[in-house]
Amino acid sequence: MISLYQWLKGLVEVKCGEGEGFHGDGDGDARLCGPNYIIACKSDNQLQIVERRPTRLTFSPTPSEPQISLTKSPDPSQIPKLCINGDLEQALNLLHSSAKHRLPVDEDSFVALFRLCDRRRAAPEGLRVYSHARSARTLLSLRLGNAALSLFVRIGDLSRAREVFDRMAERDLFSWNVVIGGFAKSGHFDETLRLYARMLRASVRPDVYTFPCVLRTCGGIPDQRTGREVHSHVVRYGFASETDVVNALVTMYSKCGDAGVARRVFDGLNVRDRISWNAMIAGHVENDEHFEGLVLFIEMRTLSVEPDLMTTTSVVSASKSLGDARFARGVHCYAIKVGFWIDVSTCNSLIEMYCGLGELREAEKVFARTGAKDVVSWTAMISGFEKNGYPDIALELYERMKLEEIAPDEVTIASALSACAELRHLDMGLEIHELARNRRLASYPVVANTLIDMYSKCRCVDKAVDVFKKMREKTVISWSSMVSGYRINDRSFEALKFFRKMQASAKPNEVALVIALSACARIGTLMCGKEIHARALKTGQSFYGFLPNALLDMYVKCGRTEIAWSHFNAHANKDMTSWNIMLTGFAKQGHGDLAIGLFNRMIKEGLLPDEVTFVALLCACSRSSMVDEGLEYFDCMRRVYSVEPNLKHYACVVDLLARAGRLDDARGFIERMPVRPDAAVWGALLNGCRIHRQVSLGEVAARAIFELDVKSVGYYVLLCNLYADDGRWDEVAKGTVHAFLIGDESHPQMKEIEAVLRGFYERMKGVRHGFLDAMEASKAEVFCGHSERAAVAFALINTTPGTRIWVTKNMYMCGVCHDVVKFISKVVRREVTVRDAEHFHHFKDGKCSCEDEGYWDRYTS
């Protein structure tokens, strides 16, 4: 037996570097030095190994004879075995170690790793494998590429999937199907169609898996033209009898809005499975053919095809649209019978069904019995209460939802904002807007459009404009919402300006046209209204929906009753609103006889008058001095037509009597009213007193008015006119409100007023070029009257310096008046507020709050 010392000495012949080789002292101690290790042998036959660097050699001597074994290098061939055993971590470690030692890893190992990551949906691990594969190979083989494609599509990493696809040396049908299916499922419809076209150019024949993906894409866009082309490919390649493909065709045509073609495809299907029936039933329901959908459901049951959850959901949705609560309860019972009522999606559909029918108590019962309520459940209830006129309860539910820590989605946010808009609840609207920003939901069109509506109704149009400007995707609803926002805030000029911008960016829909016509009617811009009418005729919209009545209203309010009358007679589908608009037009023009004739024609045609009809009729009689006829119509309201008089009707009767000079009868009528008169009723009496110069009775009416309403300037103007017409200017001057009429120079301080204005005009000539020309041109501004200048000058004469001046006028402020008041506010350092027919103008330090919006034709300075 040899000793370790001897064995070690003769173990190996090496080419030694400095400090390397065998070293012995003759006493049984020796050491073998290498570049990575030192092996020491002691005299007691013990072996010790000391590392210089991480060693790759280990020794296992036996007592009889020393043994040595090298630490094995990584063996990449073991990776597939580890993957078969499901040991992903060890397989990845081995892959990493092999790469570190620059050992080649074969394709089988990478394929095994990709498939294991695919089964486990292990995204980070899959990316590590792909990193190694990409560094080891410039191009990917078919087998390896398909494995990587399948993984990345499954985990939703489409950019990586596309990279793999492009690096593949060759591709088969599976490769194309995987990548097309991945992009289609993720909603990248345009890219899906591009890949499909590229597949055909590569002469790859589609199969039964390709067509459903591509057809679903066509339906998702929707793009029926491309869908028809794909349909022709289905026939050409012989898949027209494949049930899965035909089901996709039915869905595609339904999503594209052509339920008729979808039904023909369905009827031509020889073998129908449950998916076929569900696709066609859903197609009818989605295209508002609810009755046809229910009939098909009954046919399905007749053929003993068992419905599933999707069938039940579609039937419930169809039941809502029929408007039959009894039938809806029957569908609810059916859902319970077949056992789907416990599923949250069915419960959500039932909630929406009952809310759509106005059966909120039934909806609450279903909601209370829903076990695992999700965000759709809460949203259905919030939206249901909001749409049924209970915005306060909708917001209470929203607060409860927050306490349950259910994260809202974009529809929840939109429903809550709609409730805030109805309640004019700005504070909560701001809070929800902030939440939407934090959750990155504010950019969704449905949220942004509702924010515009909410801010507009809360009188914060500037905030609505900010939301609109930040929208990346402005839809026709977005534009219409902004036009409506300006209109409901009495900024009709800006509404029409915005409408013109809209025409350059989006095709106005019926809603936008109606709002624009309303703005035209508000400010009397007949030419603009005619332009919109011409556009409606060109697009074929003028005889449908709300547009005919909007056109009728515009012509009436612009004073063109003859055009309105022609339009009224040409309108085939007249409703009650049409008749009321025409009656109102005759009333405003003082054509009582025409109004009565139209009323009689309406009765003959079998229409029943409503409250608005009698307001218009009584106004017509009042302005035509047809007192007896008016009183007779008021008497027959309740007796003949069962219409209960309200305060507007009482005000009309008072106006009827007061205008005719029967002031005592008017006062007696007020005293006999079964309800407490409001300011409008007394205002009608005050106006009659002004007409007939009955100051004492007018003062009685005024005192009654100011007990009820101290904010409305119009009543102060009426009282001032009463005193002015009677020559009692001392009484006019006692109040805090003073009236200046167009062309009226009878005011006792008119000379002082004109002197003050001349002083300002002289100063403006020195600093404003073209001022005199502008003054001369302003005389043609018949819709202004320029009375606000006199009102401001009067206030400067009769108030202490620094006092804020308030002016209200019932016409529009022209550009010259606007600049004159701006100049005055700068010179005298006072704040002046002028409320004209369209805006509040707040003047301070030579600037106006409107930022000169709408005054484009001012003279240049």
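## Cores and repeats in a predicted chain

The largest nonpolar core of this predicted model has 217 residues, and Leu113, Phe114, Phe211 and Leu685 have the most contacts inside it. Helix α28 (residues 510–523) gives this core its largest share, nine residues. A second, separate core has 29 residues, including Leu757, Cys814, Ile824 and Phe843. A nonpolar core here is a set of buried Ala, Val, Leu, Ile, Met, Phe, Trp, Tyr and Cys residues joined through side-chain atoms within 4.5 Å; buried means under 20% relative accessible area, with a 1.4 Å probe and protein chains only.

Leaving aside neighbours within four places in sequence, Phe114 is in contact (heavy atoms within 4.5 Å) with Gly126, Val129, Tyr130, Ala133, Leu144, Ala147, Ala148 and Leu151.

Of the 861 residues in the chain, 47% are buried. The chain has 45 helices and ten strands, taken as DSSP runs (helices H or I, at least four residues; strands E, at least two). Among contacts between residues at least 6 apart in sequence, 59% join residues at least 24 apart.

The unreviewed UniProt entry lists "repeat: PPR" for residues 172–206, 273–307, 343–373, 374–408, 444–478, 575–609 and 610–640; such annotations may be inferred rather than shown by experiment. Two of these spans are tabulated.

| Span | Helix | Strand | End C-alpha distance |
|---|---|---|---|
| residues 343–373 | 74% | 0% | 10 Å |
| residues 374–408 | 74% | 0% | 10 Å |

Residues are numbered from 1 along each chain as its sequence is written, and side-chain values use heavy atoms, without hydrogens and water. Local features need pLDDT of at least 70 and side-chain atom pairs count only at pLDDT 80 or more, while totals for chains, interfaces and linings use all residues.

Key. Buried < 20%, exposed > 50% of the residue type's maximum accessible area, 1.4 Å probe, protein only.
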